[in-house]
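Load the model in your viewer and keep the selection panel at hand. The tour goes stop by stop, with something to select at each.

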Amino acid sequence: MSLVSLDEVHKYYGENHVLKGVDLRVNAGEVVSIIGRSGSGKSTLLRCLNGLEEYQQGAVIVDNQSVENDDYKLRLLSRSVGMVFQNFNLFPHMTVGENVMLATKLVLKKSVTESRQLAEELLAKVGLADKFDAYPGNLSGGQQQRVAIARSLAMSPKVLLCDEITSALDPELVGEVLKVLEQLKEEGMTLILVTHEMNFARDVGDRVVFMNQGKVWETGPSDEVFANPQTDELKSFLAAVR
Amino acid sequence: MVQFTDWDILKNLLLAARWTILLSLLAFAGGGLFGLILTLLRSMRNTFITRVIQCYVEVFQGVPLLMQLFLTFFGLSLLGIEVDAWTAAILSLTLFSSAFFHDIWRGCIEALPKGQWEACRTLGFTYMQTMRYIIVPQAMRMSIAPTVGFSVQIVKGTALASVIGFVELTKAGTMINNAVFEPFKVFALVALLYFVICFPLSVLARYLESKNHVTR
Ligand SMILES: Nc1ncnc2c1ncn2[C@@H]1O[C@H](COP(=O)(O)OP(=O)(O)OP(=O)(O)O)[C@@H](O)[C@H]1O
Ligand SMILES: [Mg+2]
């Protein structure tokens, strides 16, 4: 049984038919990168996986839970699915440590000591052990994004969704964030990444999903898809981004 | 005829200014409390509640405060409820300021990036947890300066309570002038006293605003 499965998922924004029957399966431990033109529905697809967006038709199942528009179920789902955003969305009025600790305290009901210890471990893991008491506003973009990753990991999710998490960063800061993702992959974390970093998709992703016109247009093992794209659309997309 | 020295004039105005200050404080507290309740109700995003509150705000922001005072004072007595000037003044100023406070605070909540709500949802916070730990603390910081700023409007608004016979600073000024016939002197003093009350508030609001900019 796949960790994540989408079956014939359709999503409309009013009249705008954004996802037109998306089928996708992701197994535990897999790293899947989603690529495609702007507006092809990549973010929407990701947001349907954790209930940030409702879909109108089809089925989304993550970690044996059906993703439905129900506050209680979505809160349960949040323990299985983590998300990292393009612009971090850290809580600016809290320190880095508090950002990472809050969910374990409030949602998992862990003690302060336990939450703190976990937060320290996670911050050390993303290379920010010394920033526990700093405020997000005083960190670089790359550091903020690593805090955001640590914050998601605190809920020990089964799958981590990343929506262009390096796009808001200065080029020299991209590497430190990608390094954390690589490290997570080595530890066996399931990752679904919407990305414009084709090299990273090819080198780290096990599988690539090319979205076009609201559909999974082409998919396959990363090296094959990049070396030998089948459809004209993917060929022209790859030619354009290279 | 009684003789008023300048000191008598000032002393009487100062005594009346106490009522201006007290009325302002009560309106601030009442309006703040009621505005807070409206803001929390509104944030539940129930369409019906939102509509009702929107109408409420439109009415109290769209009708001059003077008319609101008249309507409360004379309208309630028409309904058989006798209200004294005190009650009418407090009631109208409370309703008036609650509409503005609500609008200020709602604006601050809506000014927070959508991403803050989304991050909370992906972390599994309940609505109440999201409000309590993430939204309210940030919105509160933003709202301090405009809230203090609006309190200046409340102070000035209390002057209108003079028309329903409430003896505060403005009314006292009118009464004293009727006795001494020195309108410029009397009303200059009245103006000065309002300024003395309001100026520190304006300065405070500006200070808080600049401080907010630095920390963000
Ligand atoms: N909240 C929304 N309301 C209405 N339409 C939306 C909304 N979000 C996205 N859309 C529309 O849905 C379509 C797909 O958007 P989506 O953000 O999923 O694309 P994307 O592939 O992530 O693009 P990008 O690479 O620019 O991030 C677009 O046509 C977009 O205009
Ligand atoms: Mg997108």
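Which helices each supply at least two residues of the lining of the largest pocket? They are α2 of chain A together with α5 and α6 (127-157) of chain B. Keep in mind throughout that this is a predicted model.

**Stop 1: the largest pocket**

Select A:G51, A:L52, A:D71, B:W117 and B:R121. Of the 24 lining residues, these lie nearest the centre of the pocket. The volume is about 790 Å³. Now colour the lining by element. α5(B) gives the most, with four residues. Then colour the lining by class: eight residues are nonpolar, six are polar and 10 are charged.

**Stop 2: the largest cavity**

Next, select A:N50, A:G51, A:L52, A:L74, A:L77, A:S78, A:V81, B:R121 and B:T122. These residues line the largest cavity. Two elements give two or more residues to this lining: α2 (71-77) of chain A and α5 (114-123) of chain B. The cavity has a volume of about 60 Å³. Its lining divides into four nonpolar, four polar and one charged residues. In total, the structure holds three cavities of 30 Å³ or more.

**Stop 3: α5 against α6 in chain B**

Hide chain A and show α5(B) with α6(B). How do their axes meet? They come within 10 Å and cross at roughly 145°. The crossing is right-handed. On the α5(B) side, show B:Q116, B:W117 and B:C120. On the α6(B) side, show B:Y127, B:T130, B:M131, B:I134, B:I135 and B:Q138. The contact has six nonpolar residues, three polar and no charged. B:W117 serves at two stops: it takes part in this helix contact and is among the residues nearest the centre of the largest pocket.

**Stop 4: chain B as a whole, then α1 and α2**

Zoom out to the full chain. Chain B has eight helices and zero strands. Its C-alpha trace spans about 75 × 50 × 20 Å along the principal axes.

Now go to the start of the chain. Select residues 6-43 for α1(B) and residues 47-62 for α2(B). Is the crossing of these helices left-handed or right-handed? α1(B) passes α2(B) in a left-handed crossing. The two pack at an angle of about 145°, with axes 9 Å apart. Show the side chains that meet: B:F34, B:L38, B:L41 and B:R42 from α1(B), against B:I49, B:T50, B:I53, B:Q54 and B:Y56 from α2(B). By class, that contact has six nonpolar, two polar and one charged residues.

**Stop 5: the six-stranded sheet of chain A**

Bring chain A back and hide chain B. Six strands run in the order β6-β7-β8-β3-β9-β10, forming an open sheet with mixed pairing. Find the edges at β6 (81-84) and β10 (215-221), each of which pairs on one side only. Neighbouring strands are turned by 20° against each other on average, direction ignored.

Go inward to β3 (residues 31-36) and β9 (residues 207-212) of chain A. This pair is parallel, over five bridges. Click A:S33 and look across: A:V208 in β9(A) stands opposite. Then add residues 141-153, helix α5 of chain A, which packs on the sheet and touches β6 and β7 (159-163). The direction of this helix makes about 170° with that of β6(A).

**Stop 6: the second largest cavity**

Stay in chain A. Select A:C162, A:I165, A:T166, A:L178, A:L181, A:L193, A:V194, A:T195, A:E197 and A:F200, which line the second largest cavity. The elements giving two or more of these residues are α6 (171-186) and β8 (190-194) of chain A. About 50 Å³ of space lies inside. Seven lining residues are nonpolar, two are polar and one is charged.

**Stop 7: the four-stranded sheet**

Last selection: the open sheet with strand order β2-β1-β4-β5 in chain A, where the pairing is antiparallel. Its edge strands are β2 (16-26) and β5 (65-66). Strand β4 (residues 57-62) pairs with β5(A) over two bridges. End on A:V62, which stands opposite A:Q65 in β5(A).

Conventions:
Residues numbered from 1 in each chain as written. Chains lettered and ligands numbered in written order. Predicted model: local features only at pLDDT ≥ 70, side-chain atom pairs only at ≥ 80, totals over all residues. Heavy atoms only, no water. Axes fitted to C-alpha atoms, helices over the stretch in contact; angles between N-to-C directions. Left-handed = near helix turned anticlockwise from the far one by under 90°. Contact = heavy atoms within 4.5 Å. Nonpolar A, V, L, I, M, F, W, Y, C, P; charged D, E, K, R; others polar. 1 Å grid on protein atoms, 1.4 Å probe; cavity = no way out; pocket = protein on both sides within 12 Å on 5 of 7 lines; lining within 4 Å. Points joined across faces, edges and corners; volume = space filled by probe spheres on them. Pairing = 2+ DSSP bridges.
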